[in-house]
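Open the model in your viewer and keep the selection panel at hand. The tour goes stop by stop.

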Amino acid sequence: MTEPINVVVTGAAGQIAYSLLYQIAAGTVFGPQQSINLRLLDIPPMMKVLDGVVMELEDLALPLLREVLPTAEPAKAFENVAAAFLVGAMPRKEGMERKDLLAANVEIFKVQGEALDKYARKDVRVLVVGNPANTNALICSHYAPSIPKENFTAMTRLDQNRAQAALAARLNVQVDKVKNVIIWGNHSSTQYPDAAHATVELSSGVKTVPSEINDNEWLNNTFVETIQKRGAAVIAARKMSSAMSAAKAAGDHMRDWWFGTKPGEWVSMGVVSDGSYGIPKDIVFSFPVTIKDKRYEIVQNLPINNVAKSKLDITSKELEEERAEANNVLKK
Ligand code: NAD
Ligand code: LMR
């Protein structure tokens, strides 16, 4: 077993953390050889609830789990962390868009960026889950200038998992037979779930998803809108936002970042744009990426048709607007 690493989860008393902490402690994210010191950050009124979470973590009796530190102080929570799950933020309610949370949540990511800058390892890998995730990740990175901006990512893996599951259901295959569906852009209702490059493994061989589905009307409209609105559909049904699936996606995202993607496969992550595909720089935009040695590379040269191009423009414009609004909120 290797030396423990410090891993922070913010919003540790909340509903996503409740599912996420088990995955981290059980070894499904950082591997079965990696022992973990958990740092659990929440706000002062939640410390009693957090005590209960700590009790349950102890009662899991998991050998990889070493220290567990519940705290309301960012300085303690971020000390020497190698990985950060930034979950703590207000979730949206029915009728809201995720960007409606900007004013309430962006300040949190400024404070936590500053704390990461001061206290975390310089090679820390940061995953922002709290909404609006892309813009929060951008703000967090701006306030942590001593950490490479490549180390800040936003979660669109839940959208990717949703898209993969929807395609598998339509094709009537097991979910892991579908690969390389892409989420472009913002984790919002302007995101573009793109099945154009996706493949499906059938007994007759590997085929492209569009040729197998053979229904452009469904792929370009029903499929896209279902994934764009899936978070809202869960809220309408549960009266609370997705949590179990969000936690699973956060674990998937960090595990792939840590251990890399499989040959020929890519995953979608919100990363600081380098201008690939003509997307403006300095927004956190979800791209298909491959990962090796804990570094991602944006998949290049995928053909983008005019319909896709116009969808990429819409979602990047929204991210530029969110960035401007976040800067206004932080100036006040
Ligand atoms: P929740 O309300 O159950 O938990 C949030 C927790 O964060 C609470 O315990 C709260 O006290 C804590 N918190 C608030 N401010 C904090 C701060 N400054 N520092 C540390 N902790 C703080 O919410 P949840 O369901 O766990 O969702 C958390 C966030 O994740 C929401 O913003 C939600 O919209 C977002 N989310 C994102 C995705 C995604 O795909 N990116 C998916 C699901 C949910
Ligand atoms: C989701 O996609 O389920 C989350 O971002 C929660 C939400 O507000 O939709």
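Start where domain 1 and domain 2 meet: 16 residue pairs are in polar contact between them, each residue at pLDDT 80 or more. The pLDDT values are there because this is a predicted model.

**Stop 1: the side of domain 1**

Select the elements of domain 1 that touch domain 2. Helix 1 (15-26) and helix 5 (133-142) each supply at least two residues to that side. Strand 4 (81-86), strand 5 (125-128) and strand 6 (152-154) each do so as well. Now colour this side of domain 1 by class. You will find 19 nonpolar, eleven polar and nine charged residues.

**Stop 2: the salt bridges**

How many salt bridges does the rule find across the interface of domain 1 and domain 2? The rule finds two. Then select Lys-99 and Glu-318. They form a salt bridge, with their closest N and O atoms 3.1 Å apart.

**Stop 3: the two domains**

Zoom out. Colour residues 2-154 as domain 1 and residues 156-323 as domain 2, following the domain assignment. Their centres, taken over C-alpha atoms, are 23 Å apart. On the domain 1 side, 39 residues take part in the contact; on the domain 2 side, 45 residues do.

Show the surface next. Between them, domain 1 and domain 2 bury about 3,300 Å². Carbon and sulfur atoms carry 59% of that area. Which residues of domain 1 lose the most area to domain 2? Select Arg-98, Arg-125 and Asn-134: together they account for 21% of what the domain 1 side buries.

**Stop 4: ligand 1**

Centre on ligand 1. It is surrounded by 25 residues, and the closest are Gln-15, Asp-42, Met-90, Val-129 and Asn-131. Look for its oxygen atoms. One lies 3.0 Å from a polar backbone atom of Ile-16. The backbone of Met-90 also has a polar atom 2.9 Å from a ligand 1 oxygen. Next, show the side chain of His-187. An N or O atom there is 3.1 Å from an oxygen atom of ligand 1.

**Stop 5: ligand 2**

Keep His-187 selected and move to ligand 2. The His-187 side chain has an N or O atom 2.6 Å from an oxygen atom of ligand 2. Add Arg-162, whose side chain places a polar atom 2.7 Å from a ligand 2 oxygen. Add Asn-131 too: an N or O atom of its side chain is 2.9 Å from an oxygen atom of ligand 2.

Finish with the other surroundings of ligand 2. Among them are Arg-92, Arg-98, Leu-158, Gly-231, Ile-235, Ser-241 and Ser-242.

Conventions:
Residues numbered from 1 in each chain as written. Chains lettered and ligands numbered in written order. Predicted model: local features only at pLDDT ≥ 70, side-chain atom pairs only at ≥ 80, totals over all residues. Heavy atoms only, no water. Domains from an automatic or database assignment. Contact = heavy atoms within 4.5 Å. Buried area = accessible area lost by both parts, 1.4 Å probe. Salt bridge = Lys/Arg side-chain N within 4 Å of Asp/Glu carboxyl O. Polar contact = N/O pair within 3.5 Å; in protein donor to acceptor, adjacent residues only side chain to side chain. Helix = DSSP H or I, 4+ residues; strand = E, 2+ residues; numbered from the N terminus. Nonpolar A, V, L, I, M, F, W, Y, C, P; charged D, E, K, R; others polar. Near = heavy atom within 4 Å.
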